[in-house]
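I pulled this one up to go through its contacts piece by piece. Notes follow in the order I looked things up.

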Number of protein chains: 2
Amino acid sequence: MMPWDLKSDRPIYTQILEEMKKRIISGYYQPGDKLLAVRELAQEAKVNPNTMQKAMMELERENLVFTVRTTGRYITEDTELIAETKKEFAASHVENYYMQMKDLGFAKNEMIELLSSYEEEKE
Amino acid sequence: MMPWDLKSDRPIYTQILEEMKKRIISGYYQPGDKLLAVRELAQEAKVNPNTMQKAMMELERENLVFTVRTTGRYITEDTELIAETKKEFAASHVENYYMQMKDLGFAKNEMIELLSSYEEEKE
DNA sequence: TTCTCTGTATCATCCGATTAATACAATAAT
DNA sequence: ATTATTGTATTAATCGGATGATACAGAGAA
């Protein structure tokens, strides 16, 4: 079971929304997959069902999931939308990294160099 | 005058804290520079003086600014600390970019490629 | 039909962040 | 000595997010 590790520095429902998006665009959830019930997901993430529900509503507003009333909720089968969402997500992270570093006075080649020499932490 | 553009998705005082840090480590504020009074800064950022004060207290806790009672607040002259803070700040952004992209299934060379081909938006 | 599971809706309550309005103490400037 | 400006402290009120408890409606399963 995938951990949720939610922090308290931002609204919980926002973090859940992002985590769900990540799970969809990364392929952890496949198109058409049935999601656990809101109550179960809430228990899993250790949040109130209302909070999970709020995140789901937003996810649905973006068409990344759809509901079959009284049956459950499913991941969209619109692979085009998923691909597009992934593209946007990646682009926003590239931009964020670039902008933050630029504000600090780093040149692009330095940004690339730092990333290249980055080694993941082990433990 | 540097804009503050504060969002409502995270605590204001946290955002102010980060913005101040950026201004210090990027050199926008120089060591020893005198800051505007809390009330003025608050007015400039369009927030309550108490909120600005809270951010300043935290900034001071990290020794990035110091106070001369009844005279004002100044940027630290500990250039070593500033350099170290900048290093940490950059490292955390590198890690963040790397981890987010990795979770989405991107390989490091793809991350580098996306960054290389990133072109800043004009308008 | 009856039971159970689904999403959904509606309360009241709590908590932290923010705002607001003041007040105070210390010092530099006048 | 007086005034203005500084950071700081205090108290109350407000607001949004999160929780908790509960209820309802619809569809599938028994």
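**Strand D first**

I started at a base: a base oxygen of DNA strand D has a polar side-chain atom of B:Arg39 2.9 Å away. I take a polar contact as a pair of N or O atoms within 3.5 Å; within protein, one must be able to donate a hydrogen and the other to accept it, and residues adjacent in sequence count only if both atoms are side-chain atoms.

Ground rules before going on: this is a predicted model, where local features need pLDDT of at least 70, side-chain atom pairs count only at pLDDT 80 or more, and totals for chains, interfaces and linings use all residues. Residues are numbered from 1 along each chain as its sequence is written, chains are lettered from A and ligands numbered from 1 in the order in which they are written, and side-chain values use heavy atoms, with hydrogens and water left out.

Back on strand D, I found an N or O atom in the side chain of B:Arg73 at 3.0 Å from a phosphate oxygen. A polar backbone atom of B:Thr70 is 3.4 Å from a sugar or linking oxygen of DNA strand D.

I then listed what surrounds DNA strand D and got 23 residues (near means that a heavy atom of the residue lies within 4 Å). The closest are A:Pro11, A:Ile12, A:Asn50, A:Thr51 and A:Thr70. Of the strand D atoms within 4 Å of the protein, 62% belong to sugar or phosphate, the rest to bases.

**Strand C**

Which residues are closest to DNA strand C? I read off A:Arg73, B:Pro11, B:Ile12, B:Asn50 and B:Thr70, out of 25 residues that surround the strand. Sugar or phosphate accounts for 63% of the strand C atoms within 4 Å of the protein.

For polar contacts here, I noted A:Arg39, with a polar side-chain atom 3.0 Å from a base oxygen of DNA strand C. A:Arg73 puts a polar side-chain atom 2.3 Å from a phosphate oxygen of strand C. The side chain of B:Thr70 has an N or O atom 2.6 Å from a sugar or linking oxygen of strand C.

**Rings**

I counted seven aromatic pairs over all chains. The rule: rings of Phe, Tyr and Trp (its six-membered ring) pair if their centres lie within 6.5 Å, with planes under 30 degrees apart stacked, over 60 edge-to-face and the rest tilted.

A:Tyr28 and A:Tyr29 are tilted, because their planes stand at 55 degrees, with centres 5.3 Å apart. A:Tyr29 is buried at 13% relative accessible area, whereas A:Tyr28 is partly exposed at 41%. I use buried for under 20%, exposed for over 50% and partly exposed in between (1.4 Å probe, protein chains only).

A:Phe66 and A:Tyr74 are stacked, 5.7 Å centre to centre and 25 degrees between planes. A:Phe66 is partly exposed at 34% and A:Tyr74 buried at 16%.

I also checked charges over rings (NZ of Lys or CZ of Arg within 6 Å of the ring centre and within 35 degrees of the ring normal). The charged end of A:Arg23 sits over the ring of A:Trp4, 4.0 Å from its centre. Across chains, B:Lys86 has its charged end over the ring of A:Phe106, 5.2 Å from the centre.

**Backbone**

Last, phi: B:Lys46 is not a glycine, yet has a positive phi of about 60 degrees. B:Lys46 is exposed, at 75% relative accessible area. I logged B:Asn63 too, with a positive phi near 65 degrees.
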